[in-house]
Amino acid sequence: MTLSLADWQAKAQALTIEGRAFIHGAYRAAVSGATFECISPVDGCRLGLVASCDLADAELAVQDARKTFESGVWSRLAPVKRKAVMIRFAELIEQHGEELALLETLDMGKPIADALSVDVPGAARAIRWSGEAIDKIYDEVAATPHDELGLVTREAIGVVAAIVPWNFPLLMSCWKLGPALASGNSVILKPSEKSPLTAIRIAQLATEAGIPKGVFNVLPGYGHTVGKALALHMDVDCLVFTGSTKIAKQLMVYAGESNMKRVWLEAGGKSPNIVFADAPDLKAAAEAAASAIAFNQGEVCTAGSRLLVERSIKAQFLPMVIEALKGWKPGNPLDPQTNVGALVDSQQLNTVLSYIEAGHADGAKLVAGGRRTLEETGGVYVEPTIFDGVSNAMRIAREEIFGPVLSVITFEDAEEAVRIANDSPFGLAAAVWTSNLSKAHLTAKALRAGSVWINQYDGGDMTAPFGGFKQSGNGRDKSLHAFDKYTELKATWIKL
Ligand code: NAD
């Protein structure tokens, strides 16, 4: 049965919000007793208090994670047994799907329909897929001389700290938790202070599934306090991060200043969506261009925020994109019909509005949206926005806005399209629309991006690696390649 807006509102009223940290299998307040308020961007209402962890909590959690890792209770468990627990964990995420989706929507404003159909199933799939993989990954035997045996084995790295952002809080956590836990590590998850609720909730589900106490801890709090404490900690072996490029760079510094912990970064993007005149279906391309900037309020690392259009079709194509974007309307995120929700908070709203001002100031032409909306709800909403006449040198083309603001740039030929597309500090994703097979492949090869989509936008699955070139990061989430981040390689050389 599909739930109505009233059903979701009633569920929201009845919801119990847990805001404490989770250490050694139990919820507890921050050592200092400090809390911060969790405000919903849906309507500005207070959801509850969240523990504001700091150095003292990081110390406790790291000690606990280390002790549990060394005990072998999880790290030395047979892969087939870890697999069973991970699959149970995925099932529990699915069973609690409505509650998790509701927490996500209330906490960070995304439409409930997306939380239910994208975030929750994606999170469960990441946990299940990683669990299912772990008893099928074999180590290697080196090509040795006759009287020697060389073993190349993978070992869990130890204590992993995972710091995640607010745009897909549950999903980004599970992309890390899946391979990190399946490999046998102990993990400390630090959710964004803007969206901590689902991370806190799944800690209990993990424990219920059979993840031993101390293997999975959650520390809510601010980046500059508990995040920094984890990043600088001498006993954290690996730091995995999804978030902005600015903080990603800072984390590399922290690792260098402390114990040279492995640092794996999934950072920002400014992805080009290139539409050639010979695109097989311009309507489909226009609809994809609209969804690429409006889905999740544009708060997507792979948002197609630079639309590169071949000049000969520009006059025909742009009106099609404007028309398609009319189908993306901000509304109450708890209404199952809503496809654009609230921005995460008023700070993000101000960021987005300041970029809209920068677009005007730099001489770009506003052709859709451009204003705050639904202010009377008490929430933070902005109209999906399009600027035409953008040059790739403008701020709205160079910087990640992380909101529904599309920059339209024209090009003359494939060479210029690739040059503009690659003229960016980022290299997360790109898309190409053409019916010419060679042009599709040659353009895809020339693009400096971790994911390239042909005649679609935002394809992918757990089976394919996800991550960035250049200042979009290093290492990859998802697929078997993700396990590289959470394991060390050991060569054992035996004289026979
Ligand atoms: P952010 O960098 O501000 O924060 C990310 C996390 O880092 C939060 O948990 C925050 O508390 C923490 N943090 C902040 N300062 C810290 C410090 N000094 N030390 C340790 N931790 C610190 O990013 P955000 O605003 O939460 O998320 C948006 C960004 O995430 C965008 O740039 C987006 O592109 C990126 N993102 C990337 C991917 C990807 O896979 N590449 C996916 C989703 C989001």
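Leaving aside its neighbours within four places in sequence, which residues is aspartate 477 in contact with? They are Trp175, Lys176, Thr242, Glu266, Ala464, Pro465, Phe466, Ala482, Lys485 and Tyr486. Bear in mind that this is a predicted model. Here's a quick tour of the ligand site and of two aspartates, 477 and 237.

**The ligand and its surroundings**

- There are 28 residues around the ligand, and Lys190, Glu193, Ser244, Ala267 and Glu400 are the ones that come nearest.
- Sorted by type, that shell holds 15 nonpolar, 8 polar and 5 charged residues.
- Both domain 1 (7–267) and domain 2 (272–461) pitch in, with at least three shell residues from each.

**Polar atoms facing the ligand**

- Lysine 190 puts a polar side-chain atom 2.6 Å from an oxygen atom of the ligand.
- Tryptophan 166 has an N or O atom in its side chain that sits 2.8 Å from a ligand oxygen.
- With valine 164 it's the backbone that counts: one of its N or O atoms there lies 2.8 Å from an oxygen atom of the ligand.
- On its own the ligand has 850 Å² of accessible area, and the protein covers 90% of that.
- As for the elements giving two or more residues to the shell, they are α8 (223–232), β10 (238–242) and α9 (245–257).

**Aspartate 477**

- You'll find aspartate 477 in the loop between β22 (469–470) and β23 (487–495).
- Its relative accessibility is 1%, so aspartate 477 counts as buried, the cut-off being under 20%.
- Lysine 176, one of the contacts listed at the top, also makes a polar contact, side chain to side chain, with aspartate 477 at 3.0 Å.

**Aspartate 237**

- Aspartate 237 is in a loop too, this one between α8 and β10, and those two elements also turned up in the shell around the ligand.
- At 23% relative accessibility, aspartate 237 counts as partly exposed.
- Neighbours within four places in sequence aside, aspartate 237 is in contact with Arg66, Ile157, Gly158, Val159, Lys261 and Arg262.
- Two of those contacts come with some extra detail. The side chain of arginine 66 makes a polar contact with the side chain of aspartate 237 at 2.6 Å.
- For valine 159, the backbone nitrogen is the partner, lying 2.8 Å from a polar side-chain atom of aspartate 237.
- Looking further afield, aspartate 237 and lysine 495 are 258 residues apart along the chain, and their C-alpha atoms are separated by 31 Å.

Note on methods
Residues are numbered from 1 along each chain as its sequence is written. This is a predicted model: local features need pLDDT of at least 70, side-chain atom pairs count only at pLDDT 80 or more; totals for chains, interfaces and linings use all residues. Side-chain values use heavy atoms; hydrogens and water are left out. A residue is near a molecule or strand if one of its heavy atoms lies within 4 Å of it. A polar contact is a pair of N or O atoms within 3.5 Å; within protein, one must be able to donate a hydrogen and the other to accept it, and residues adjacent in sequence count only if both atoms are side-chain atoms. Accessible areas come from the Shrake-Rupley method with a 1.4 Å probe; for residues, only the protein chains shown count as cover. Helices (H or I, at least four residues) and strands (E, at least two) are DSSP runs, numbered from the N terminus. Ala, Val, Leu, Ile, Met, Phe, Trp, Tyr, Cys and Pro count as nonpolar, Asp, Glu, Lys and Arg as charged, and the others, Gly among them, as polar. Domain bounds come from an automatic or database domain assignment. Buried means under 20% relative accessible area, exposed over 50%, partly exposed in between (1.4 Å probe, protein chains only). Contact means heavy atoms within 4.5 Å.
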